[in-house]
Amino acid sequence: MNLSEEELSDEERDDGAPIEVLEQYFEARGWACERTGEGEIVASATGSWAQYELRGVWRPEDQVLQFLAFPDIKVAAEKRSTIFEALSLINEQLWLGHFEMWSGSGLVVFRHSTILDARGGEGLSSSRPKPLPRPRSRSANASIRFSSLSCGAASHPAKPSPRR
């Protein structure tokens, strides 16, 4: 029997559960991992061209799980501007998460955070979402787009052009 979130009290809910799930995931893949503190886990994984440090940080007060992946890449100071530009172009293509380079050390990091629970109706929840309202007709959507383009026209009327 599965209990819904509403049936669990705050005492029954395990605030360390996201870290436990990550720990099970890391162990299932044979990656060495250890808990480094309350709500934090670190794993090590070997990729095809780099060693990765994977870190999960759980913030129960915000119900946010942050995932960080550190490839074993440290960028030399003279190449950092080029790498900043490349990471910016890569980030334009990402839907979730982002790459960054830490300015002090030159370490490249992938970072993603997600809200896992909705206490008090804020954020994301695993409960079934309410259906969205039906979309408007194409002509209604077009008039909204065009009216939003001219939003400043009413407050700033165009000056009449001089007659010739």
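Two strands count as paired if DSSP finds at least two bridges between them. The exercises below apply this to a predicted model.

**Exercise 1. Work out which residue of S3 stands opposite Ala45, and how many bridges join the two strands involved.**

Step 1. Ala45 stands opposite Tyr52 in S3.

Step 2. Strand S2 covers residues 40-46 and runs antiparallel to S3, with 7 bridges joining them. The cut-off for pairing is at least two bridges, so S2 and S3 pair, given their 7 bridges.

**Exercise 2. Establish the strand order of the sheet and name its edge strands.**

Step 1. Begin with the inventory: the chain has 3 helices and 6 strands. Along the sequence they follow the pattern α-β-β-β-β-α-β-β-α.

Step 2. The 6 strands form an open sheet in the order S1-S2-S3-S4-S6-S5, with antiparallel pairing.

Step 3. An edge strand pairs on one side only, and this applies to strand S1 (32-37) and to S5. From one strand to the next, the twist averages 25°.

Step 4. Bridges can then be followed through S4. S3 and S4 run antiparallel and are joined by 8 bridges, while 6 bridges join S4 to S6, again antiparallel.

Step 5. Leu68 of S4 shows both links at residue level. Arg55 stands opposite Leu68, and the bridge partner of Leu68 in S6 is Arg111.

**Exercise 3. Describe the turn between S3 and S4, and state what is notable about the phi of Gln63.**

Step 1. S3 and S4 form a hairpin with 4 residues between them.

Step 2. Gln63 is located in the loop between strand S3 (51-59) and S4.

Step 3. The phi of Gln63 is near 60°, which is a positive value in a residue other than glycine.

Step 4. Is Gln63 buried or exposed? Its relative accessible area is 5%, so Gln63 is buried.

**Exercise 4. Characterise the surroundings of Leu54.**

Step 1. Leu54 is in strand S3. Its relative accessibility is 9%, and therefore Leu54 counts as buried.

Step 2. Leaving out residues up to four places away in sequence, Leu54 touches Phe26, Trp31, Ile41, Val42, Ala43, Ala45, Phe67, Leu68 and Ala69.

Step 3. For Ala69, the separation from Leu54 is 15 residues in sequence and 4.6 Å in space, C-alpha to C-alpha.

Step 4. Leu54 also belongs to the largest nonpolar core, which has 11 residues in all. Other members include Ile19, Leu22, Phe26, Trp58, Leu65 and Phe110. Helix H1 (17-28), S2, S3 and S4 are the elements that give two or more residues to this core.

**Exercise 5. Classify the ring pairs Phe26 with Trp31 and Phe70 with Trp102.**

Step 1. A pair of aromatic rings is described by the distance of the centres and the angle of the planes. Centres must lie within 6.5 Å; planes under 30 degrees apart count as stacked, over 60 as edge-to-face, and the rest as tilted. By this rule the count comes to 5 aromatic pairs.

Step 2. Phe26 and Trp31 lie 6.0 Å apart, centre to centre, with 40° between the planes, and the pair is tilted.

Step 3. The two partners differ in burial class. Phe26 counts as buried because its relative accessibility is 1%, whereas Trp31, at 25%, counts as partly exposed.

Step 4. Phe70 and Trp102 have 5.4 Å between centres and 75° between planes, which makes the pair edge-to-face. This pair links distant parts of the chain: Phe70 is in strand S4 (residues 64-71), and Trp102 is in the loop between strand S5 (98-101) and strand S6 (108-115), 32 residues apart.

Step 5. Phe70 counts as buried because its relative accessibility is 12%. Trp102 has a relative accessible area of 31%, so Trp102 is partly exposed.

Step 6. One aromatic cluster consists of Tyr25, Phe26 and Trp31.

**Exercise 6. Summarise burial, contact range and surface for the chain.**

Step 1. Of the 164 residues in the chain, 20% are buried.

Step 2. Take the contacts between residues at least 6 apart in sequence: 37% of them join residues at least 24 apart.

Step 3. The accessible surface comes to about 12,900 Å², and 55% of this belongs to carbon and sulfur atoms.

Methods
Residues are numbered from 1 along each chain as its sequence is written. This is a predicted model: local features need pLDDT of at least 70, side-chain atom pairs count only at pLDDT 80 or more; totals for chains, interfaces and linings use all residues. Side-chain values use heavy atoms; hydrogens and water are left out. Buried means under 20% relative accessible area, exposed over 50%, partly exposed in between (1.4 Å probe, protein chains only). Contact means heavy atoms within 4.5 Å. Axes are lines fitted to C-alpha atoms, for helices over the stretch in contact, and angles run from 0 to 180 degrees between N-to-C directions. A nonpolar core is a set of buried Ala, Val, Leu, Ile, Met, Phe, Trp, Tyr and Cys residues joined through side-chain atoms within 4.5 Å. Accessible areas come from the Shrake-Rupley method with a 1.4 Å probe; for residues, only the protein chains shown count as cover.
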